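Subject: Structure files and notes

Hello,

Please find the structure below, with my notes after it. Have it open while you read.

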Amino acid sequence: MFFQQLVNGLTIGGVYALIALGYTMVYGIIELINFAHGEIYMIGAYAGIIAIAAAQTLIAGGIPPIAAVALALLAAMLVCAAYGFTMEKLAYRPLRHAPRLSPLISALGVSIFLQNFIMIAQGTRDKVFPHLFENTVAFDLGSVRVSLIQIAIIVGCFMMMALLHLVIQHTKIGTAMRATAQDKTAAALCGIHVDHVISVTFMIGSLLAGAAGVMIAMYYGLVNYSIGYLAGIKAFTAAVLGGIGNIPGAMIGGMILGLLESFGAGYISPEYKDVIAFSILILVLLIKPSGLLGENLAEKA
Amino acid sequence: MLEIRGLHVHYGAIHALKGIDLRVEQGEIVTLIGANGAGKSTTLMSISGIHAPSSGRILFEDFPVEGMRPDRIVRAGISQVPEGRRIFARLTVQENLRMGAFARSGSSVGNADLDTVYDLFPILRERRLQRGGTLSGGEQQMLAIARALMARPKLLLLDEPSLGLAPILVERVFERIREINRSGVTILLVEQNAHMALHLASRAYVMETGRIVISGDSRVLVGDPQIKRAYLGEMDIDTTQKPTRSA
């Protein structure tokens, strides 16, 4: 039981972490809670399904399962990066100097728009992610059953987080993102094109959410236009738990939330999964709003 | 090298700059002095493209730069050391410096540039892996200047480099500014420490509530009784001598 819930928790936690990163990166740089971020994740799941369907239709004899997964991930990441870029440019950039509530309302608008757009374009019924692998059980010890997909998701999440860490800490654009997050005017005076850095931040956050969408679609097998809502709020909870604006915080927050949910579902009752997640959100906001790794706001000055 | 003509800047309802005229020639050190809120920092921020002027011209090497994007202005050759230093506290010293060179193409920014600024400010070499926020005020000022130099500016704008520094450090910073100028960088210096600024600069402009009220040779202005009284903190009984007021 313990080991089973541990694996389940890491799987879902990794996905929460990937989505939470987009929330936290965007918040870190423009102090906006991008409520449309969950929708980007949902679009990623659809993009993956459509890419596989297209490839299987166009290529005679279909494509190997591994190639299908790779294609789905690639398509989702590209499509989501494009959505993230466009969303920022159209819905948030014009409000850069507006009162803080305005972009927040705009984000809610984008969220509703995207959800309805996908509902109209793809229909209200669940879409099935193709069943790609025949035998998906990696090992089965009677009480513990771990699938290949779970292992792939856990490994994939960790790889993407490691890659993100490298980009943020060791590349020129990553350093510019950190600099811009700290002081936009000083960054501009250094010759950094701040709008460009903000666009890149949205694109990176969105492509991570897109990858998460494909992973979840593969894991559960079904998606629909409304999955972004709950996943979005859960990932937001993870970001707040870790400390909004803090990148390692989002990773840790996602993992902790996934594990708590999973253990809660296993030891208490599966129905309490969401109750646990939102109790955490409320508790963190009440007791330590800066989160586990969040810095004092005073330090930012 | 830099010519400002009739520059007006508004912040909402506030008319911050009311027609500034200012020139800086190649190789000069020019200072802009005046009380708090006179519009000195606004002038520098307008040159750097952070504030868009409502009217007027800013010509850099005879090319209009007003309303241009800040990163393009840096690329054109104007760097600024902003008031309060504004170093990136959570980036290391070396990362701060590399950000200073952001606008230049990646490959040409080698360790040679870092070595140049480390030679100018040896303490930064020692501290290169420390976070900027852990440096002392004087070291942060040096880092801010070094960061601006990483862009290889032709014109360096300095906003109150003496602010909050002990007198001994102020002198050290001013020495470095003179050294930077000797290496061929033109300097426009905003200061509240009028005394130090007038001794360093060859020419000076005095601002009051969004206007330039006095301008001229620094050596002349140092002796000007009104300047002495208002900005150098010296009392002068002789008020019959009128200063040259600019239009």
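In this predicted model, the side chains of A:R178 and B:E95 form a salt bridge, with 2.8 Å from N to O. That pair belongs to the interface between chain A and chain B, where two salt bridges are found. There are also seven residue pairs in polar contact between the two chains, counting pairs with both residues at pLDDT 80 or more.

Which parts of chain A touch chain B? The elements that give two or more residues to that side are α6 (172-182), α7 (184-189) and α12 (297-300) of chain A. The most comes from α6(A), which gives six residues. By type, the residues on the side of chain A that touches chain B divide into eight nonpolar, six polar and six charged.

How big is the interface? The size of an interface is often given as the accessible area lost when the parts come together. Here chain A and chain B bury about 2000 Å² between them. Of that area, 62% is on carbon and sulfur atoms. The contact takes 20 residues from chain A and 24 residues from chain B.

Next, the cysteines. A disulfide is a covalent bond between the sulfur atoms of two cysteines. A search of the whole structure finds zero disulfides over all chains. A:C80 is in no disulfide, and its nearest cysteine sulfur, that of A:C157, is 15 Å away. Why does A:C157 have no bond to A:C80? The closest cysteine sulfur to that of A:C157 is the one in A:C80, and 15 Å is too far for a bond; the cut-off used for a disulfide is 2.5 Å.

Are these two cysteines buried or exposed? A:C80 has a relative accessible area of 0%, so it is buried. A:C157 is also at 0% relative accessibility and therefore counts as buried. The cut-off for buried is under 20%.

The last residue in my notes is A:S262, which is found in helix α10 (residues 247-267) of chain A. Its relative accessibility is 7%, so A:S262 counts as buried too. What does A:S262 touch, leaving aside its neighbours within four places in sequence? A:S262 is in contact with A:Q5, A:N8 and A:G9.

When you go through the model, you could begin with A:R178 and B:E95, the salt bridge between the chains, and then turn to A:C80 and A:C157, with their sulfurs 15 Å apart.

Regards

Methods:
Residues are numbered from 1 along each chain as its sequence is written. Chains are lettered from A and ligands numbered from 1 in the order in which they are written. This is a predicted model: local features need pLDDT of at least 70, side-chain atom pairs count only at pLDDT 80 or more; totals for chains, interfaces and linings use all residues. Side-chain values use heavy atoms; hydrogens and water are left out. Contact means heavy atoms within 4.5 Å. Buried area is the accessible area (1.4 Å probe) that two parts lose on being put together, summed over both. A salt bridge is a side-chain nitrogen of Lys or Arg within 4 Å of a carboxyl oxygen of Asp or Glu. A polar contact is a pair of N or O atoms within 3.5 Å; within protein, one must be able to donate a hydrogen and the other to accept it, and residues adjacent in sequence count only if both atoms are side-chain atoms. Helices (H or I, at least four residues) and strands (E, at least two) are DSSP runs, numbered from the N terminus. Ala, Val, Leu, Ile, Met, Phe, Trp, Tyr, Cys and Pro count as nonpolar, Asp, Glu, Lys and Arg as charged, and the others, Gly among them, as polar. Buried means under 20% relative accessible area, exposed over 50%, partly exposed in between (1.4 Å probe, protein chains only).
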